[in-house]
Each structure stands twice: as structure tokens, then as C-alpha cells.
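Student: Could you help me look through this structure, one residue at a time?
Tutor: Gladly; ask whatever comes to mind.
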Amino acid sequence: MTLLFWILVGLIVYATIGYPLLALALAQLRPPRPVLEPTDPLAVDFVIPAHNESDVIAEKIRNTLVQSASVSHAIRILVVSDGSGDGTVDLARAEGGDAVEVIDIQPRQGKVNALNRAIDRLAGDIVVFSDANAMLVDGALGALLQHYGDPDVGGVCGAIRIEKAAKAGIASSEGLYWRYDQAVKAAESRLGGAVSAQGSFHSVRRAHVRPLPLDAADDFTLSVRAVSGGGRLVFEPAAIAVETVTEKAQKEITRRIRSTERGWRALMTHSHLLNPVRSGLYAVQLFSHKVLRRLVPFLMVALFVVNLALLGQGAFYQITFALQTLLYAAGLIGLLVPAARVLPGIRHAFFGLMALGAMALGLINYYRGKRSTIWAPVRDGAG
């Protein structure tokens, strides 16, 4: 039991702290890769999937048009509406005019089907994907595209900045998480390449793009297909998309469960990339970042049970058990008493355990055979 306790502790610490610190340390030993900018203008398809996005679609199109005007590349904007019934299509056409192509799919068939409709119409060298609620900061598109002068670059991942809420809540912890995650991505990018993109804002060479499976994570699938095709993923911290997140815990939990289920399916489909003989250092990064991290909730449950069995072995195990109990109690208070989330300890414990619990349920759903293909955007006020 003692050996099992320390094995579990080692795996949890490596997945959550050890691997990120190792990646950051190794990245410091490797000089930054030079940015090879394109010598000729690129033809770029900018794809915006949307379902009932009337609150943000006009702003998103204005934001994209400003980004398009700021670069020397030829940008073609496609808005793909998946069964919207709230005026999204009319607003997009009115705001974009002849500069924006709007594809109206009726009835609703799911985000990935909408992306596949756009993929059928691609004509450029590079494809940029961006969510309707993700607003790009000045220069973000140019920063994303600057890497495509390097023929080894298969895709470029943008960064996320969470818009601060009026009061501390889920958004505060979410923002902290993305700063942590993106620091790891930046380190991975200097080593074997970034593991994968986040769907808010990312790009791929069209040579790696083909129709997507309806039941797997589109952003992860697009990313790893570029790697499987021999390309390298770059993380560009200046390519920033600003997002708001919901403060409704149940909506966020549902989103994370679905995201894990679909992401794990995409990972299992591309499990050949976990072979270091084939993928080199990228395989180690993929295992550490995407496999082991998702097993952490199960490892934590096992650790709690093993620690309980070791309570009679001395004060050390009694203290570690008390610390675990305190963590779970703080998370439970955050779940049952939302007002308590203004306290940093409660807020971060609740967010962390919520994320871990959702990952566990997502993996359980995957192995139970559940397949999520259609969902509503998770926004405060969204349907």
C-alpha cells in the first residue's frame, strides 16, 4: 500500500506540475526557432461557425474585417450558420455584405457538419478557424500567419485571454488555468511542437484539412492531422482571442464533459502518434499533456482510498489524508454555496475539482459509447 501511495503521488504530481516544469526547463535550453515569414501573399480562408450567435456575430465580422485589412494576405471570410433561428444569418449578411460569404444550413445538423460544409468550399493555402464569440486583438491574424513561410509548419495555435468578470468567479479561475496551459504550450512549441490547438482561434495548412468525423473534437483532430501529415504545430502567444466564459457551473461542467468525450475519441483515433519511434518527443508531450492529465481524477480517487487504508501507519498519512479531505470539502462548499467562490481558496478548489470531475465523466461517457454531435454554445444568456 505504501508503494502504491507513492506511485499515485508521483503520477499525479508529474501530470499536473512535474511535466509542465520539465517542459519549461527544457525549453529554456533550446533557442527559439526563427520565424520564417511568407515571401508571397497567402490565400486564406477564415471560417466562423455559428449557431444562434445574434448577440456577437456582427461584432465578430467587424473584428475579422479589421484583421483582414491589416495583413497583406488575401482573406476570404466564410460564416457557416448551423440551423440558426435568431437572425444570425441576416445580421451576418447585413454586416459583411459582399466581403463575407454566409452559408445557411437548415435544419440544424451540428457544428462539425457546418465545418465540413465550409471545408468543401476551401480555396486557399491556409485555413483559419475562429469561434463567433472570440474577438481578436490588434495584429492577432498577422501574428498567426507569419509562421507559414516555414514549410515545416503544419498549423499555428492562437492564445486565449479570458475577459475579466465584474466579480471573482469561474472566469477568474478559467483565466488562471489558460495562463498555465499556454505557458506549457509555448514550451512545447519550442521542443517537439505544440500538442494541439484550442478551437477559439487556430489555423492549419489546407493540405492537411479534410472532412471531420462528427463525434470527435474538431480542433484536436485538425491539429493532430497536421502532425500526422509531417507538419509541426506552433503556438503563437501574440495571436490572442478574447473570450467570455459562463459563470453557470452546470453549463461549464456539461461543456467540459462533452469536450473530454470528444477529445478522447479524437486522441484514440490518432493513437499512433503516441509512439515515440514515429513521433519522437511529440509522443511524450502528447502522452503527458493529453493522456496522463485526463487520468488524474481517477488517480486522485485511488490515492484517497489508499491513503484511507494507511491512516494507521503514522502521522504523515493522517496529515496527507486531512489535506485531501480539506481540498474536497472546499470544492464541495464552492459547488453548494456559489457566494463562497469569491474566496480564492474555495474558488480555485471548486474550479479544479469541477474540471477534474468533468474529465472523469467525459471519459466514462466515451467508454459507455456516448457520442455527442450537436450542442448549444455555452454562454451566459445563450440558448
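Student: Which side chain does R256 join in a polar contact?
Tutor: The side chain of R256 joins that of E252 at 2.9 Å, where a polar contact is a pair of N or O atoms within 3.5 Å, one able to donate a hydrogen and the other to accept it, with residues adjacent in sequence counting only if both atoms are side-chain atoms. This is a predicted model, in which local features need pLDDT of at least 70 and side-chain atom pairs count only at pLDDT 80 or more, while totals for chains, interfaces and linings use all residues. Residues are numbered from 1 along each chain as its sequence is written, and side-chain values use heavy atoms, leaving out hydrogens and water.
Student: Is R256 buried or exposed?
Tutor: R256 counts as buried because its relative accessibility is 13%, and buried means under 20% relative accessible area, exposed over 50% and partly exposed in between, with a 1.4 Å probe and protein chains only.
Student: What does R256 touch further along the sequence?
Tutor: Setting aside residues up to four places away in sequence, R256 touches E174, F351, M354, A355 and A358, where contact means heavy atoms within 4.5 Å.
Student: Switching to D150, why does that one count as buried?
Tutor: D150 counts as buried because its relative accessibility is 11%.
Student: And what does the D150 side chain reach?
Tutor: The side chain of D150 reaches the backbone nitrogen of D152 at 2.9 Å, and, leaving aside neighbours within four places in sequence, D150 is in contact with L36, R205 and R232.
Student: How far is D150 from T16?
Tutor: Their C-alpha atoms are separated by 32 Å, and the two residues lie 134 residues apart along the chain.
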